[in-house]
Amino acid sequence: MAKPAVIVVGADKGGVGKTTVSRTLLDYFSANNVLTRAFDTESPRGTLKRFHPDITEIVDMTTTSDQMKIFDTLNSVSPSVTVIDVRAGLLSPALASLRDIGFLDAAKSGQITFAVFHILGPSIASLDEIAETSNFMAGARYFLVKNFINDTQFFQWDQATYNSYFHRIKDATDLTIPKLNEMAYEQVEVASVPFLKFVANKGISDEAANYSFVLRGYVRHWLANVWAEYDRIKLTDIVGSSKSSSRSGGEK
């Protein structure tokens with residue numbers, strides 16, 4: 001059995017597009033035939049579960065019983081990759097919990113592959129999160145994600161300021177999620193389907209749909225750019241799966 005891999009997607013600031021990034025990860029792994037499960041900690045609403053209901057479970061990560069649902073099953077379920085979409089304000093407490101249960105030690109010793117996608121907002125306050133989060137990054141792959149999906153301009157950052165924060169963390173890697181056309185993004189939201197199914201003109205149960213050709217094209221182009229970033233960091237290698245030679249999911 002492959003070594004389990006856990007990817008935490010989060011930020012202490014709200015409204016920075018954490019769930020959007022989680023959705024692109026699930027689509028990326030699906031297209032590369034990597035078996036994946038997900039946990040949505042936005043209890044009880046569960047935005048991620050709305051788009052990926054078959055593989056997503058809503059949990060309250062602050063409770064011991066739900067922590068057990070996630071981490072006691074890492075070696076006993078078929079998917080080798082677990083994506084955890086951490087709700088706003090919970091990233092640092094979640095990482096502290098992972099330290100307390102011994103998960104971070106297990107990652108440091110190589111028993112588990114652990115990666116954190118830290119979604120950054122435009123303000124200096126968002127950069128300040130890095131200092132706190134970095135305390136938990138021993139044994140983890142740490143990705144700092146600038147997400148432009150909400151037309152974020154990162155207006156308070158100059159390069160010197162950004163570098164002063166970024167270089168505090170050894171081996172951190174930056175990622176850029178480009179902006180998606182607003183109308184295309186809205187239509188995917190209305191359809192409540194994964195980006196891949198929208199591109200392939202399918203409904204949530206793979207039934208034929210009638211989405212706009214133009215908007216599907218915008219999503220296809222955007223998703224290809226996002227996946228190029230994941231290819232650049234060799235994400236399938238990180239989680240221990242060789243990338244499929246022919247991606248599934250139809251059009252891209």
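**Pockets, rings and a covered strand**

Helix 1 is the top contributor to the lining of the largest pocket, giving four residues. Keep in mind that this is a predicted model. Besides that pocket, there are nine aromatic pairs to look at, plus a strand 4 in which five of five residues are buried.

**The largest pocket**

- The largest pocket holds about 460 Å³ of space.
- Its lining is made up of 23 residues, and the closest to the centre are Ser-30, His-52, Ile-55, Pro-194 and Lys-197.
- Helix 1 spans 18-31 and helix 9 spans 195-199, and each of them supplies at least two lining residues.
- Sorted by class, the lining of the largest pocket comes out as twelve nonpolar, six polar and five charged residues.

**The second largest pocket**

- Next comes a pocket with about 180 Å³ of space.
- Here 13 residues do the lining, and Gly-15, Lys-18, Thr-19, Glu-42 and Thr-47 are the closest to the centre.
- The class split for the second largest pocket is two nonpolar, five polar and six charged residues.

**Aromatic pairs**

- The model has nine aromatic pairs by the ring-centre rule. One of them joins Phe-103 and Phe-114: the ring centres are 5.0 Å apart and the planes sit at 90 degrees, over the 60 degrees that edge-to-face calls for, so that is how the pair is classed.
- Phe-103 belongs to helix 5 (residues 103-108) and Phe-114 to strand 5 (residues 113-120), so this pair ties together parts eleven residues apart in sequence.
- Both partners are tucked away: Phe-103 is buried at a relative accessible area of 5%, and Phe-114 is buried at 1%.
- Phe-117 and Tyr-230 make another edge-to-face pair, with 6.2 Å from centre to centre and 80 degrees between the planes.
- This one reaches much further along the chain: Phe-117 is in strand 5 and Tyr-230 in helix 10 (residues 213-232), so the pair ties together parts 113 residues apart in sequence.
- Buried or exposed, what are Phe-117 and Tyr-230? Both are buried.
- Phe-117 and Tyr-230 also belong to a cluster linked by ring pairs, along with Tyr-28, Phe-29, Phe-143 and Trp-227.

**A charge over a ring**

- Arg-23 lies over the face of Phe-51, 3.6 Å from the ring centre.

**Strand 4 and its neighbours**

- Strand 4 runs over residues 81-85 and is mostly covered, with five of its five residues buried.
- How is that burial shared between the two faces of strand 4? Val-81, Val-83 and Asp-85 are on one side, Thr-82 and Ile-84 are on the other, and all of these are buried, so both faces are covered.
- Strand 1 (residues 5-10) pairs with strand 4 in the parallel sense, over five bridges. Within that pairing, Val-6 has Thr-82 as its bridge partner.
- Strand 2 (residues 36-40) pairs with strand 4 too, again in the parallel sense and over five bridges. Asp-40 stands opposite Asp-85 of strand 4, and Asp-85 is one of the buried residues on its side of the strand.

Definitions and conventions. Residues are numbered from 1 along each chain as its sequence is written. This is a predicted model: local features need pLDDT of at least 70, side-chain atom pairs count only at pLDDT 80 or more; totals for chains, interfaces and linings use all residues. Side-chain values use heavy atoms; hydrogens and water are left out. On a 1 Å grid over the protein atoms alone, a cavity is a set of points where a 1.4 Å probe fits but cannot get out, and a pocket is an open set with protein on both sides within 12 Å along at least five of seven lines; lining residues have an atom within 4 Å of a point. Grid points are joined across faces, edges and corners, and a volume is the space filled by probe spheres set on the points. Ala, Val, Leu, Ile, Met, Phe, Trp, Tyr, Cys and Pro count as nonpolar, Asp, Glu, Lys and Arg as charged, and the others, Gly among them, as polar. Rings of Phe, Tyr and Trp (its six-membered ring) pair if their centres lie within 6.5 Å; planes under 30 degrees apart count as stacked, over 60 as edge-to-face and the rest as tilted. Buried means under 20% relative accessible area, exposed over 50%, partly exposed in between (1.4 Å probe, protein chains only). A charge sits over a ring if NZ of Lys or CZ of Arg is within 6 Å of the ring centre and within 35 degrees of the ring normal. Two strands pair if DSSP finds at least two bridges between them.
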